[in-house]
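Welcome, and thank you for taking a look at this one with me. Please have the sequence and the 3D view open while you go through the points below.

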Amino acid sequence: MALELVRIMLRGQGAWCGLEAGNSFAVDVGWDLYVYVGSDRPCPDAVARTRELGLFPEPVTASPHAADLQEPGVTEAADADFWTRLRSMLASERTVLLEENHVRNAARWHRLTEANLDAVRAGLTPRALLTVWPDLNPDVDAVLAALPEDGSVEFVREAQDGTIAHVLADSADYQELAFLVADATAARALSAYVDERHPLACAALPDSDGVLRARW
């Protein structure tokens, strides 16, 4: 699984994550597609084998993408209080949209109701980032008409079979986007810019012992 994740990142197929084994081993892939491998001990045999394969390993003191070098991310845990607040939210809103990020840049979407909350919660990926948004709008034409003239959006839509997908688009893509979502039953446009995204709630799943170890 770890090797396949590295392959996905190197192919630029959207997903991104850092892989760690405690404080002894780590692998991550930069936006420049350099692979950074960290170890708590020298690995001369691995370095020699890498050179034999025609690659060029270079020593660095730390990966520029190491978690302790990044700005603080989500620190709230999706604990009992989070689910109680979400259940209260559903009592008034009836339906909300849950974005489940199991790795960075990859998501599953769920339309949450009081009836399906427990079932969706049971199927979430461990350590996932959970972001709660207002529900999808059944008036898809109105969502399309309200798209900004400039900038990029994340367009989330529900198909007739109930599956939910998203696509990034800017003004140059709107005509193609309208064709793509012609059979959608509901939709919502979210800003693609971090400082313009205002979810109803955001938290990360803690481990079974209640400790939040995920870093987002």
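Strands here are DSSP runs of E with at least two residues, and they are numbered from the N terminus. With that in hand, T131 can be placed in strand 6. Please keep in mind throughout that this is a predicted model.

1. The chain as a whole. The secondary structure consists of six helices and ten strands. Measured out along its principal axes, the C-alpha trace spans about 60 × 45 × 30 Å. Of the 216 residues in the chain, 33% are buried. Among contacts with a separation of 6 or more, 59% are between residues 24 or more positions apart.

2. T131, in strand 6. Is T131 buried or exposed? It counts as buried because its relative accessibility is 7%, and the cut-off for buried is under 20%. Setting aside residues up to four places away in sequence, T131 touches L97, L98, E99, P199, A201 and C202. You can also find N101 from here: T131 and N101 are 30 residues apart in sequence, and their C-alpha atoms are 8.2 Å apart in space.

3. The largest nonpolar core. This core has 18 residues, and those with the most contacts inside it are F82, W83, L86, L112, L130 and V132. Two or more residues come from each of helix 3, strand 4, helix 4, strand 6 and strand 10 (201–204). Which element gives the most? Helix 3 does, with five residues.

4. L130, one of those core residues. L130 is among the residues with the most contacts inside the core. Leaving aside neighbours within four places in sequence, L130 is in contact with A78, F82, W83, L98, E99, E100, L124, A201, C202, A203 and L205. Two names on that list, F82 and W83, also appear among the residues with the most contacts inside the core.

5. E100, a buried glutamate. E100 lies in strand 4. Its relative accessibility is 0%, so E100 counts as buried. What does the side chain of E100 meet there? It makes a polar contact with the side chain of H110, at 2.8 Å. A polar atom of the E100 side chain also lies 2.8 Å from the backbone nitrogen of T125. Beyond four places in sequence, E100 touches A106, A107, R108, H110, L124, T125, A128, L129 and L130.

6. The second largest pocket. Its volume is about 770 Å³. The lining has 20 residues, and the closest to the pocket centre are E99, N101, N105, V194 and R197. Strand 4, strand 5 (106–112), strand 6 and strand 8 (164–170) each supply at least two lining residues. By type, the lining divides into twelve nonpolar, four polar and four charged residues.

7. Two arginines with positive phi. Most residues other than glycine have a negative phi, so a positive one is worth a look. R94 has a phi near 75°, and R94 lies in the loop between helix 3 (80–93) and strand 4 (96–103). R127 has a phi of about 65°, and its place is the loop between helix 4 (117–122) and strand 6 (129–134). How exposed is each of them? R94 counts as exposed because its relative accessibility is 67%, whereas R127 is partly exposed, with a relative accessible area of 38%.

8. T95, beside R94 in the sequence. T95 is found in the loop between helix 3 and strand 4. Apart from neighbours within four places in sequence, T95 is in contact with L90, R111, L112, T113 and D135. T95 and A204 are 109 residues apart along the chain, and their C-alpha atoms are separated by 20 Å.

9. L136, a buried loop residue. L136 is found in the loop between strand 6 and helix 5 (140–145). L136 counts as buried because its relative accessibility is 3%. With neighbours within four places left out, L136 is in contact with L97, R111, V156, E158, I164, A186, A187 and R188. V29 lies 107 residues from L136 along the chain, and the C-alpha atoms of the two are separated by 34 Å.

Notes:
Residues numbered from 1 in each chain as written. Predicted model: local features only at pLDDT ≥ 70, side-chain atom pairs only at ≥ 80, totals over all residues. Heavy atoms only, no water. Helix = DSSP H or I, 4+ residues; strand = E, 2+ residues; numbered from the N terminus. Buried < 20%, exposed > 50% of the residue type's maximum accessible area, 1.4 Å probe, protein only. 1 Å grid on protein atoms, 1.4 Å probe; cavity = no way out; pocket = protein on both sides within 12 Å on 5 of 7 lines; lining within 4 Å. Points joined across faces, edges and corners; volume = space filled by probe spheres on them. Nonpolar A, V, L, I, M, F, W, Y, C, P; charged D, E, K, R; others polar. Polar contact = N/O pair within 3.5 Å; in protein donor to acceptor, adjacent residues only side chain to side chain. Contact = heavy atoms within 4.5 Å. Core = buried A, V, L, I, M, F, W, Y, C linked by side-chain atoms within 4.5 Å.
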